[in-house]
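User: Please take a close look at a single part of this structure and explain how that part sits in its surroundings. I am new to this structure.

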Amino acid sequence: MTSPLLPLGCLLLAGSALANEELVIVSSNGMPRIDWPTLQRLYTGRIVSVGQQPAVPFNLLPGDPIRKRFLENVIGQTEEQYTGYWLVRRYVGKGAPPQEFATVDEMLRQLAITPGAVAYLPVSRLPSGANVIFRSGGK
Amino acid sequence: MNRLRMCALLLGALTFFTPAARAIDFDVSGFGTAGFALSDKSYHYQRFIDEDGTFNRDSIFGVQADLKFTSQFGATVQGKLAPSTASDRRWDATLSWAFVSWRPTDEWLVRAGKLRLPFMLNTENADVGATYDFARLPMEVYSIAPTTDVVGLSISKTWLGDKIDWTLEGYTGRTEGHWRYYGREIRDGGNSPGSWFLPITIKSSGLVLTARTIDDVFRIGMHEVEVARVGTKTGTDIIRDPVLGVYRFAPGGVDKLIIPVYNLGASVLLPYNIRVMSEYASIRVNSASEGLSRWGAYVALSRQFGEWTPYIYYARMKSTDAALEHWKRIDGNVLSGMLAVFNPSQKLLADIVMPMDQSTIALGTSWRVRPNSLLKAEWSHVRTGVASGLVDAPKGGNSGEQDLNVYSLSYSFTF
């Protein structure tokens, strides 16, 4: 298991076409900035709101290199651990995993029309005027 | 069944009348296990396993729908097709879950409807083999809960911590079920060996505290279960007639049994990626089936090597000494002369005591074929002590002092 303390300083990675690009977390509305534990809890279903507002996390499909980076370096879990976690959580009746999208474009389109939606993307794909709620260093 | 229909209607109504119906997230998933188990004995173990092999013990197929009306309101329905709990000869399609949930804040969760209870660490997901590595959960512990499903209400409060989340869950509910018995000489209502299923009504309430870290789980629970026979009193004791020397039911009976159940469990990830799991449960049943009063425990070690997770566990359960001694006296009550006609009934009464005295050592492995599917193989050796209610004893013999090997191969998947 990756240490939960590692991700904050490790969003710059090597190994793929997007390897050196920072990941940013965006939200569709006026959601406040969040810290790393809140982000981790949101993507593991342990919280469903941020700052009294409903929050709806979005994911890319398993196998997507951006998702892999996000899980390993932000959430602190491998794809296998994350899938296994949600597999159990779903079948103990604690809800389904975050909605998944095939591409960043598809995710951004849905983000624009879903109140409280939260998504991750490479900084180069950041739409102008987007509400960034978390980025490298968490500050 | 009426309650199940009510749950289905409730879910249907909620789906239909929710104003923002177009916003409902609807997520359907399926799960299943095709499992084959074979022993080296001609008699049945755990209802189905014998030397001819069976798919009935471990196979199960199900579908689950998770609906999210808003971030606070949702519903879950899970149906399954599995060997019946009311017959050894058929499979039944049943609803495991059909509940609506309300999460007013991140810390509170209220669920109402048909629920799976939080007894052991894997009780809630026991039907979904892809969620654990064991080919079969240790029955010495997992057979102790009188029921795992109720129609009722569950309220839980979670305290989110930096490293540990604490969840306290209280629940109450009712259900109808069956207790299975097996008569090796005669059965209740028949003059041949075989099983019968006693219809019962069950009310269960409990309080369970669970602590979770990202790797570890700890749980402690206390439950009170009320069991009543349908339309009749339940016998409380089997006594020996002082004149004839024949055992029989004591007169009278009670309307319901009050059964306390306690459980304790932990699953901890140690250094070198070694996981240790251990659970303990105890139950006290003051009825003619006093052998059901027992404790059960297991300890398991596993370690993941890539896609492989080999494991070993040792499990043990034991009825109270008084129950085992009572069973011995009844089972050993062989009458002669004209009273010999009562001998089959003495064996029947001994079988009704339901003694539980056995241990299992199991060695197995799972292989993760895909992220959502597991292939599992296991060898287990079961040794019974005085007697075991999990063994359908052969005619003319008993379930005590038996050694059997069980070989299991299964494929569990979700989609």
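Analyst: A residue is called buried if 20 or more other C-beta atoms lie within 10 Å of its own, exposed if 12 or fewer, and partly exposed in between, with C-beta atoms placed from the backbone. Helices (H or I, at least four residues) and strands (E, at least two) are DSSP runs, numbered from the N terminus. This is a predicted model, in which local features need pLDDT of at least 70, side-chain atom pairs count only at pLDDT 80 or more, and totals for chains, interfaces and linings use all residues. Residues are numbered from 1 along each chain as its sequence is written, while chains are lettered from A and ligands numbered from 1 in the order in which they are written.

The part chosen here is helix 3 of chain B, residues 321-331. Its buried residues are Ala323(B), Leu324(B), His326(B), Trp327(B), Ile330(B) and Asp331(B). They cover an arc of only 160° around the axis (taken from the directions from the helix axis to the C-beta atoms), which puts them on the same side of helix 3 of chain B. On the face turned away from that buried side, helix 3 of chain B carries the exposed residues Asp321(B) and Ala322(B).

The buried residues of helix 3 pack against several elements of chain B, among them strand 15 (308-319), helix 4 (343-353), strand 16 (356-370) and strand 17 (373-388); a contact requires C-beta atoms, placed from the backbone, within 7 Å. Strand 10 (238-240) and strand 11 (247-249) of chain B are also packing partners of these buried residues.

For the wider setting, chain B has four helices and 18 strands, and 41% of its 415 residues count as buried. The C-alpha trace of chain B spans about 80 × 50 × 35 Å along its principal axes.

Notes. Two residues are in contact if their C-beta atoms, placed from the backbone, lie within 7 Å.
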